[in-house]
There are 2 protein chains.
Amino acid sequence: MPIVRARARPRATITSVARVAGVAVGTVSKHLNGSGPVAVATARRIQQAIDRLGYRVNLSARCLRARRSDSVGLILPNLANPFFAELAHAIQQALTERGLQTLLCESDENPDREGRLLEDLEARQVDGVLFVRASDRSTAAGRLPTIYLDRPVAGRPSVASDNKLGGALVAQHLLSLGHRRLAVLREDRTAVSTGDRVKGFAAALRRRGVNLRDEDVLAGPPCGTAAHVRAVELGRHVQELMRSKAPPTAIFATSDVVAIATARRLLELGFKIPDDVSLVGFDDIEMSAYVFPPLTTVRQDRAAMAREAIGALEQLLSGDEAPPAEALVEPKLVVRASTAPPRMP
Amino acid sequence: MPIVRARARPRATITSVARVAGVAVGTVSKHLNGSGPVAVATARRIQQAIDRLGYRVNLSARCLRARRSDSVGLILPNLANPFFAELAHAIQQALTERGLQTLLCESDENPDREGRLLEDLEARQVDGVLFVRASDRSTAAGRLPTIYLDRPVAGRPSVASDNKLGGALVAQHLLSLGHRRLAVLREDRTAVSTGDRVKGFAAALRRRGVNLRDEDVLAGPPCGTAAHVRAVELGRHVQELMRSKAPPTAIFATSDVVAIATARRLLELGFKIPDDVSLVGFDDIEMSAYVFPPLTTVRQDRAAMAREAIGALEQLLSGDEAPPAEALVEPKLVVRASTAPPRMP
DNA sequence: CGCGAGCGCGGAAACGTTTTCCGGATGACG
DNA sequence: CGTCATCCGGAAAACGTTTCCGCGCTCGCG
C-alpha cells in the first residue's frame with residue numbers, strides 16, 4: 001500500500017462553490033445536474049464561482065450518495081493480443097459515447113484472477129460488467145449484472161460473433177475458388193469459439209461434398225503456453241502439413257495471429273502465397289492488411305459487438321424487459337491477396 | 001445519462017457487518033485495514049460476519065473519507081496501436097503488483113480530448129497520472145501529479161526510451177554488416193521520438209563516415225491521417241526508393257508497424273529480405289517475431305518503462321525528494337532475420 | 001381581493017467509510 | 001492493595017455529494 005501525499009491545496013468542493021455564489025449546496029447540485037429548476041441569474045453566479053474556483057465534482061462522493069457510478073467494468077484476457085486490444089478500443093469508444101466510463105482490467109489469461117477482478121469491480125461500484133473470460137472453462141461469476149463477450153456462457157446474456165457462420169464463409173470462399181484439399185490450423189483444441197469456427201467450416205464443406213478429416217485439423221498447445229513455444233509448435237505443424245503426401249491447397253487458420261505466423265513459416269519453406277497455397281485467417285485485426293500477403297480473413301465487427309453488448313447491458317440494468325439472450329454478431333468475409341484458385345496439377 | 005436500476009438487494013455495509021459481529025464499525029474498519037489493535041477472537045467473529053454477508057468494501061466511501069484512491073490514471077493515444085497496447089499491458093501489470101488500480105483512457109490521437117480525460121481523472125480522484133500524449137504538440141495539462149511517458153515534456157518528469165541510442169544501435173548494426181547505402185522511412189515528420197531515432201541513426205552513421213542525405217529520409221503524412229492513406233503513401237515511398245538510381249541496401253523504419261508494411265511492399269515488388277535489402281524496425285512489438293521475415297528491431301523495454309514511471313510517480317507523490325527529471329530507458333537491438341550483409345555488386 | 005399552483009431556493013438528512021478520541025478493563029509492579 | 005501503563009473497543013465526527021421536504025413568493029384566475 002503505497003504512501004500517497006495529501007493534496008497540497010484542498011480542492012474546491014460544492015460547498016465552497018455554494019458559499020462563493022451565495023446559494024445553498026442543493027442549488028449548486030441542481031445546476032450541475034439539471035435536476036431541478038434554477039433561475040438563470042443564479043445559474044450564472046454559480047457558474048462564475050465554479051470557474052473561478054476551478055471546481056470539479058468529486059465522483060466518489062456522487063457515487064456514494066447516488067448509488068450509481070455511470071461506469072462499467074471490462075474484463076479481458078490480455079491487451080497484448082491485438083484482437084482484444086482492438087475490441088477494448090471499440091468498447092471504450094462506444095461507452096464514452098454513452099457517457100459511461102470504462103474500467104478496463106486484464107486477467108492475464110488467468111482464470112484465478114478473474115474472481116479477484118470481479119470483486120474489485122464490485123468494490124468500485126461499477127454499474128455492470130462486460131466480461132471476456134480467460135478461457136471457456138473459467139467459472140468466475142460476480143454478483144454484478146454481467147454481459148459475456150466473445151466467450152458466451154450458456155443461459156447467460158452474451159454477445160459474440162457467429163463463429164459457425166464465419167467458418168462457413170471461409171469454406172464457401174475456398175470452395176468457390178476451386179479448393180478441395182483443405183486443412184485447418186487452430187491454436188487451442190479446447191476453445192469453444194475456435195471450435196465453432198472449425199465446425200462451421202467443416203459443416204459447410206460437407207454440404208458441398210467435401211470431407212475434412214480429423215487429421216486435417218491441427219491444434220496447437222493449450223491456452224496459457226508461452227508464445228514462442230506455440231510458435232515453434234505451429235511451425236512444425238505447417239511443415240508436416242506441407243510435406244505430406246497430399247498437401248492442402250488452402251489453409252484456414254482460426255485467428256489472424258496464427259495465420260500471420262503460418263504465412264511466415266510457409267514463406268520460409270519456400271511456398272508462395274497464394275500461388276502454392278491459399279491462406280485464410282479470422283478476426284481481421286488491423287495488422288492483417290499490412291502483412292505480406294495481405295490476409296484474406298473474416299472480420300469480427302468490433303464496433304457492432306460493442307454496441308450490442310452495451311445495449312444488452314443497459315437492458316439488463318433497466319430490468320423491465322426479459323434479460324437478453326445470447327446475441328450473435330454477423331461476421332464478414334474480407335478478401336485480400338492470400339487466397340486464389342489452386343494451382344492446376 | 002443512462003438509467004441504472006437500483007440494486008435489488010442492498011449490499012452489506014461495514015455497519016451491517018459490525019451489527020452481526022456485535023462490535024462497533026470502527027473495530028471492523030481496524031480489522032479490515034490493520035489500522036489498530038483488535039483481539040484475535042474479535043477478528044474471527046468479524047471475519048465470519050464478513051464471509052456470511054458477502055461484504056465488500058465500498059471504495060467510493062473509502063476514497064471519499066481517506067482522500068486517497070490507490071488508483072492512477074493512464075492516458076494513451078490508441079489501443080489499436082500494438083505498441084501502446086503492450087505498454088498498457090506492462091503498466092497495468094506493474095501497477096497491480098504495487099496494489100494500485102489502473103484507469104485506462106484513450107485520447108484517440110486527439111489532443112482536444114486529453115483535457116477532458118484529465119478532468120475526468122481528477123473527478124475520479126486518481127492519485128496521479130501516467131500520460132502518453134497524443135502528439136508532441138498537445139499541450140493539455142491537469143492539476144494532478146503527472147509523469148509523462150514515451151513523449152516527454154521539457155522540464156516535467158518523464159520516462160521514455162533513449163531513442164537516439166536506439167537509432168545509433170541500428171546504424172551500428174547495419175554498418176557492421178557492411179551497409180553504406182541507407183534509407184529511413186518514418187511515419188510522421190514532426191514526431192519528436194521518431195525524430196530522435198533518426199537523429200541518433202544519422203549521427204552514428206556520420207561518426208563512421210557515412211552520410212545520410214535528406215532525401216534518404218522519407219516521411220509519411222502527419223499523424224491523424226487515416227491508416228489506409230498512410231499505407232498507400234508508404235507503398236509509394238518504398239517503390240520510389242527502390243526504383244531510384246542507387247537504391248539503398250538497407251532500410252530503417254522508425255516503428256515495427258511501418259517496417260511490417262514496408263516489408264509487405266518490398267515483397268510485393270519482388271525484392272527479397274534480407275537478400276536484396278535489409279530492414280530494421282523499432283519497438284519490438286510481439287508481432288514482429290511472427291511476420292516474414294522475422295524483424296530485426298530495437299526493443300523498447302515496456303516493463304522497465306512501467307517500473308520507472310511508477311517509481312517516478314511514487315517519488316513525486318511522496319513529495320519529500322526533488323521531483324525526478326527526464327528518465328531514459330535503454331533500448332536493445334534484437335537481431336532476427338530481416339538483416340544480412342548487402343549483396344555484393 | 002382571495003386563493004391555489006408552481007417556481008426557486010434553503011435546510012438537512014442520508015450514503016459507507018476512516019480516524020480520532022476516550023473510557024473501561026486488565027495486567028504488572030511496587 | 002494501589003497505581004499506572006497497555007490493550008481493546010465504542011462513539012462520533014468528518015469526507016462531498018444528492019435528494020427530499022418545505023417555505024416564501026409570484027402569478028393567474030375566478
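## Chain contacts and DNA surfaces

In this predicted model, 55 residues of chain B are in contact with 55 residues of chain A. Seen from chain B, several elements each supply at least two residues to the side that touches chain A. They are α4, α5 (82-97), β2 (101-106), α6 (111-123), α9 (227-242), α10 (256-268) and α11 (302-318) of chain B. The top contributor is α10(B), with 7 residues. By class, this side of chain B holds 31 nonpolar, 9 polar and 15 charged residues.

**The two DNA strands**

Around DNA strand C there are 31 residues. Those that come nearest are Gly26(A), Pro37(A), Thr42(A), Ile14(B) and Gly26(B). Both chains give elements with two or more residues to this surface. From chain A these are α2 (25-33) and α4 (59-66). From chain B they are α1 (14-21), α2 (25-33) and α4 (59-66).

Around DNA strand D there are 30 residues. Here Ile14(A), Gly26(A), Ala24(B), Gly26(B) and Pro37(B) come nearest. For this strand, α1 (14-21), α2 and α4 of chain A each supply at least two residues, as do α2 and α4 of chain B.

The table sets out the largest share and the residue classes for each strand.

| Surface | Largest share | Nonpolar | Polar | Charged |
|---|---|---|---|---|
| near DNA strand C | α2(B), 6 residues | 15 residues | 12 residues | 4 residues |
| near DNA strand D | α2(A), 6 residues | 15 residues | 11 residues | 4 residues |

**A helix pair within chain A**

Two packed helices are described by the angle between their axes and the distance between the axes. In chain A, helix α5 (residues 82-97) packs on helix α11 (residues 302-318). The angle is about 50°, and the axes are 8 Å apart. Angles from 65 to 115 degrees would count as roughly perpendicular, and those under 35 as roughly parallel. α5(A) and α11(A) are therefore oblique to each other. Their crossing is right-handed.

Which residues make the contact? On α5(A) they are Glu86(A), Leu87(A), Ala90(A), Ile91(A), Ala94(A) and Leu95(A). On α11(A) they are Arg302(A), Ala303(A), Met305(A), Ala306(A), Arg307(A) and Ile310(A). By class, the contact has 9 nonpolar and 3 charged residues, with no polar ones.

Terms used
Residues numbered from 1 in each chain as written. Chains lettered and ligands numbered in written order. Predicted model: local features only at pLDDT ≥ 70, side-chain atom pairs only at ≥ 80, totals over all residues. Near = placed C-beta within 6 Å. Nonpolar A, V, L, I, M, F, W, Y, C, P; charged D, E, K, R; others polar. Contact = placed C-beta atoms within 7 Å. Axes fitted to C-alpha atoms, helices over the stretch in contact; angles between N-to-C directions. Parallel < 35°, antiparallel > 145°, perpendicular 65-115°, else oblique. Left-handed = near helix turned anticlockwise from the far one by under 90°.
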